[in-house]
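Here's a quick tour for a newcomer. Take a look at the sequence and structure below, then read on.

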Amino acid sequence: MRRVRIFDTTLRDGEQSPGVALNHAQKIEIAHALARLGVDVIEAGFPITSDGDFECVRRISREVRGPTICGLARTARADIERAAQALESAARSRIHVFTSASTIQIEHMLRKTPEQVIEASVNAVRLAREYTDDVEFSGQDVMRADFDFVIRLYRAAIEAGATVVNIPDTVGYGTPQEYGALIARVRDEIVAGRDVAISTHCHDDLGMAVANSLAAVENGATQIECTVNGIGERAGNTALEEVVMAIHTRRDHYRAETGIHTRELFRVSRLVSRLTGMPVQPNKAVVGDNAFAHESGIHQDGVLKHKETYEIMNAELVGREAAVMVMGKHSGRAAFRKALADLGYVTDGAADHGLNDDAVNVLFARFKELADRKGQIYADDLRALVEAGSEVQQTFALDSLQVLSGTHVTPTATVRLVTPDGTKEAAATGDGPVAAAMNAISAATGITPELETYRLQSVTRGSEALGEVSAGVRYKGVTVMGIGLATDVVEASARAWLHAVNQIVAGQARVKSTVTAETP
Ligand code: KIV
Ligand code: ZN
């Protein structure tokens, strides 16, 4: 079995998804979850783009142990030095240098000749090697490039010291056959006999990212770049959970394995979906709601008689059904703690990023409240409860909410908040009960963000299900994602709004910065 390394770029390419802006606390939380998942490399950010990105890469380098921590850099000296500085405290660091390989990008974005691109790349790789022994090199848009030039460019990068050559299909143009053939050429013409890894980085514009990545593995790639839930620029990247489970389930075919703890997959998928506000489509492979649901009578009959009649992998393997199933208001603290542990949460608070006793007590109180209202509590409810309870210090806490709404009345909401200056009450109207509740909170806090995106989904099934609201808001040029959870959807919306307001007050809103193709 060959070992295929998983390079996760959720925090860098994934964060380039339109509308997504993760704050520091959220990025750190995802980085810890990725380490638990067992990824080999975390691309933590692009340090030159902003002080925020730099700080985040620096914190992840300092705190997260296990995976190699990687920072992205263009070929400019300033980029590489900034990345190296951010990665200083990582136990293992990698600098990922990129340029462009296609004629269209070289002419219109870089405005250089192909020879100048090679020269800049060689200098950049050499400089990066002064800071770390682990340097990855990428030329964007290889699938629309002249392949002879691609080979020359990558050969020069290897000779300059690149230890990983990444072949990005930046615009998702290649087919599996073409992409696989290029990877084979890279393997045979420039990598064979050297200690250099071939990496794949595919985008999903034509829905072929996963297939292309797997074609690369068949042709010699030993690293796959991917993101949780396949999020990323435009149609996104190769979905981590899909390539991992394809390699695992079809190891007879790929003769390869990854180091991923597959039972963590579902939890990480939910975490990323919740923090980014990007829903997972129900029929999404591996982590979608329906991925293990059998609807037709014939299928149900088959699965009841023998699971493997219609299942090629079992749900437990990807963390879908933990041993904890139903809990209720009579469940005690010990059972609650055990259920959390069964779901993979560290509850002794000793391990890095675990839940300490205070956090477990707060969660237990919320669990009791929820059990009173909802009756039975399922694994997904518990996950949602823990995830909603992490992060952000609460300057404003919801004490009570009353809403009046109907077909012939103006929706009106009254909120009472607990604030550092005592309780505050405010009332407001809105186009609907949700808008009225949000307006009332804004009146009470004096913070009036603009709602950009709103998503409501149920955490489990049935009319008693918990509703989870993600509200993407904008305030003074920054974007924040608020998340709220309650059995009542208006209350969940109010909690999401309040969560966003608390992040704004705590200074956790994040400005997304961009840079151009290449600095001169
Ligand atoms: O898609 C792409 O080309 C990239 C590079 C920075 C590797 O994300
Ligand atoms: Zn990309």
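Which oxygen-bearing partner lies 3.0 Å from a polar side-chain atom of histidine 203? That partner is ligand 1, through one of its oxygen atoms.

Before going further: this is a predicted model, where local features need pLDDT of at least 70 and side-chain atom pairs count only at pLDDT 80 or more, while totals for chains, interfaces and linings use all residues. Residues are numbered from 1 along each chain as written, chains are lettered from A and ligands numbered from 1 in the order written, and side-chain values use heavy atoms, leaving out hydrogens and water.

Here are polar contacts (pairs of N or O atoms within 3.5 Å) to ligand 1:

| Side chain | Distance to an oxygen atom of ligand 1 |
|---|---|
| Arginine 12 | 3.0 Å |
| Histidine 201 | 3.1 Å |
| Histidine 203 | 3.0 Å |

The protein covers 96% of the 260 Å² of accessible area (Shrake-Rupley method, 1.4 Å probe) that ligand 1 has on its own. Residues around the ligand, meaning those with a heavy atom within 4 Å, include Asp13, His96, Phe98 and Gln140. Strands β5 (93-100), β6 (135-140) and β7 (164-169) each bring at least two residues to this shell (strands being DSSP E runs of at least two residues).

Now for valine 489, which sits in helix α17, residues 489-505 (helices are DSSP H or I runs of at least four residues). Valine 489 counts as partly exposed because its relative accessibility is 36%, and partly exposed means between the buried limit, under 20%, and the exposed one, over 50%.

Terms used:
Polar contact = N/O pair within 3.5 Å; in protein donor to acceptor, adjacent residues only side chain to side chain. Buried < 20%, exposed > 50% of the residue type's maximum accessible area, 1.4 Å probe, protein only.
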